[in-house]
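This briefing looks at how the parts of a protein model meet one another. Please keep the sequence and the structure in view while reading.

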Amino acid sequence: MDYSKILSKTASEIKPSGIRKFFDLLSAGDMSDVVALTVGQPDFVTPWHIREAGIESLEEGKTYYTSNAGLTELRNEISLYLNRRFNLSYNPGNEIIVTVGGSEAIDLAVRAIVNPGDEVIIAMPAFVCYPPIVSLAGGIPVLIPTKEENEFKLTPEELKSAITPKTKLLILPYPNNPTGAIMDYEDLSKIADILRDTDIMVLSDEIYAELTFGQKHVSIASLPGMRERTIIASGFSKAYAMTGWRLGYVVAPEQVTSVIYKIHQFAIMCAPTTSQFAAIQALKKGDDDIEYMAEEYNRRRRYIVAGLRSIGFPCFEPKGAFYVWPNISGFGLSSDEFCEKLMYEGRVAIVPGTAFGDCGEGYARLSYAYSVEHITKALDGIENFVKKIR
Amino acid sequence: MNEMNALLNLLENDARLTPEQIAIMLDKEVGDIKKLIYEYEKDGVILGYKAMIDWDKIEREYVSAMIELKVTPQRDKGFGSIAEKITRYPEVQSVYLMSGSFDILVLIEGRTMKEVAFFVAEKLSPMDSITSTSTHFVLRKYKDRGVVYGVPEVDIRGSLV
């Protein structure tokens, strides 16, 4: 059979994740001694009291589907949580939908907004999923490369110049994976000033909202006039170290969630029930866990930034998430070449910046969701490698 | 978190961290961290720096036991003087005053069960104020001081994102 005639053209044309490509290299040959700083998930295990809540729900036989939007109690807790921590106010009855991770929330939001041919502006570099999801929905990704001199924030000028009559949605991924950039109230105000006079919606991916350092995360939805034009995608993975539970949520004005609801209802039915019960416990009793883990990440952040700078890399100081984004362009190698060489010769694995968009050229992403001991080992390996190729 | 507690927590988890590393992690001056550590050592807050070793992985005769002691407290001295006497034996790893059905718990390490049993029979039991002993040998250590014993964990986290 000629599958090329059978398979969906749009789906077939999607490029595989650049991170994946790099990992295929890593899994080929004997790489067991390679020290990796590559993962995008916490090294903490989900706090025990949260796991226990999931286990108890299984012991009690709670193995049914929940309502499509998720358990009422969970949606109530999400509403309280968003209010408590980010000063947001959403009706748990019709403005919150529990999803299979933040990823589903992003997919739902894009599919609910985008018509074929609509343009979606994406601040880059960014997590790998946005452009393919936009393409699958028939939209056209319009990528804005953010710049180091602007601390990898989206500037109002950049946004303005990307807007056309076809612009439907702005994807705002802050705190940012991979750069660690954040946007504060003032930065967001300038973006909001531009959007308020338009019909452009914002998809704010706030999965790293609990991991900001030195200042609290601000949601663009909390700015005047922005609630009505914002969809927030978030989840439990990063804040509570719950990646494997696959649980997130999407919140938006009721007119938007009513459409999102339909897609979710037919594509997914409902998020995993065990995970939902665990998440209730996380929201009720997990604030201390968040603080504890965030403080741990903060120490490692300072440590890895200082380490990279002392090796000689110009390194933007990340203010959120758990990644650093050093400039590795000073060696006459492309990002891909540098990272491949570092892996084969220096026995340290990091992700080339180009995995997060073309504008990632010249950079690499290092995760510090690892123990200090592990980070030290990796930094030593990088330092030795750099000495050799300099 | 209280800054001084942060320093102690870091060292409690990894005593090999250098003052330079700690200073970076806590965003402090190296000199201040060194001074703090020195003061903690001087005041007996930090008492030592030891490695966690799983002796079962090494060819070495080793056994440990917990011994419950019932003790008649001494006039004016309570349990203090007998406890202090017990601490002097190098075989003794820990001595705790306990609530409940016995008074003092002693952790002992030795090469063989026989050695530990003789220690109890010859050194502890004869002490005047000790009225009874009960020895429990440790068969296997699963977790000690927050560290899980056994096979080191392998990082199997997926790297998709």
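Across the interface of chain A and chain B, 6 residue pairs are found in polar contact, both residues of each pair being at pLDDT 80 or more. The model is a predicted one, and the points below take up the contact of chain A with chain B before turning to the contact between the two domains of chain A.

**Where chain A touches chain B**

- The elements of chain A that give two or more residues to the side touching chain B are α3 (18-27), α12 and α14 (372-389), and the largest share of that side, 4 residues, comes from α12(A).
- Sorted by kind, the residues on the side of chain A that touches chain B are 10 nonpolar, 5 polar and 7 charged.
- The contact takes 22 residues from chain A and 16 residues from chain B, and the area buried between the chains is about 1700 Å², with carbon and sulfur atoms giving 58% of that area.
- In chain A, the residues that lose the most area to chain B are Arg299(A), Arg302(A) and Tyr303(A), which together make up 35% of what that side buries.
- Between chain A and chain B the count is 1 salt bridge, and the side chains of Glu373(A) and Arg16(B) meet in a salt bridge with an N to O distance of 3.4 Å.

**How chain A is divided**

- Chain A is split into domain 1, made up of 3-45 + 289-389, and domain 2, which covers 48-286.
- The C-alpha centres of domain 1 and domain 2 of chain A are 25 Å apart, while 35 residues of domain 1 are in contact with 38 residues of domain 2.

**Where the two domains of chain A meet**

- About 3000 Å² is buried between domain 1 and domain 2 of chain A, and carbon and sulfur atoms give 66% of this area.
- Within domain 1 of chain A, Ile290(A), Phe316(A) and Lys319(A) lose the most area to domain 2, together 24% of what that side buries.
- Across this interface of the two domains of chain A there is 1 salt bridge, and Arg85(A) forms a salt bridge with Glu291(A), where the closest N and O atoms are 3.1 Å apart.
- The interface of domain 1 and domain 2 of chain A also holds 14 residue pairs in polar contact, both residues being at pLDDT 80 or more.
- On the side of domain 1 of chain A that touches domain 2, at least two residues each are supplied by α2 (9-13), α12 (287-311) and β9 (323-324), and the largest share, 8 residues, comes from α12(A).
- That side of domain 1 of chain A is made up of 22 nonpolar, 8 polar and 5 charged residues.

Terms used. Residues numbered from 1 in each chain as written. Chains lettered and ligands numbered in written order. Predicted model: local features only at pLDDT ≥ 70, side-chain atom pairs only at ≥ 80, totals over all residues. Heavy atoms only, no water. Domains from an automatic or database assignment. Contact = heavy atoms within 4.5 Å. Buried area = accessible area lost by both parts, 1.4 Å probe. Salt bridge = Lys/Arg side-chain N within 4 Å of Asp/Glu carboxyl O. Polar contact = N/O pair within 3.5 Å; in protein donor to acceptor, adjacent residues only side chain to side chain. Nonpolar A, V, L, I, M, F, W, Y, C, P; charged D, E, K, R; others polar.
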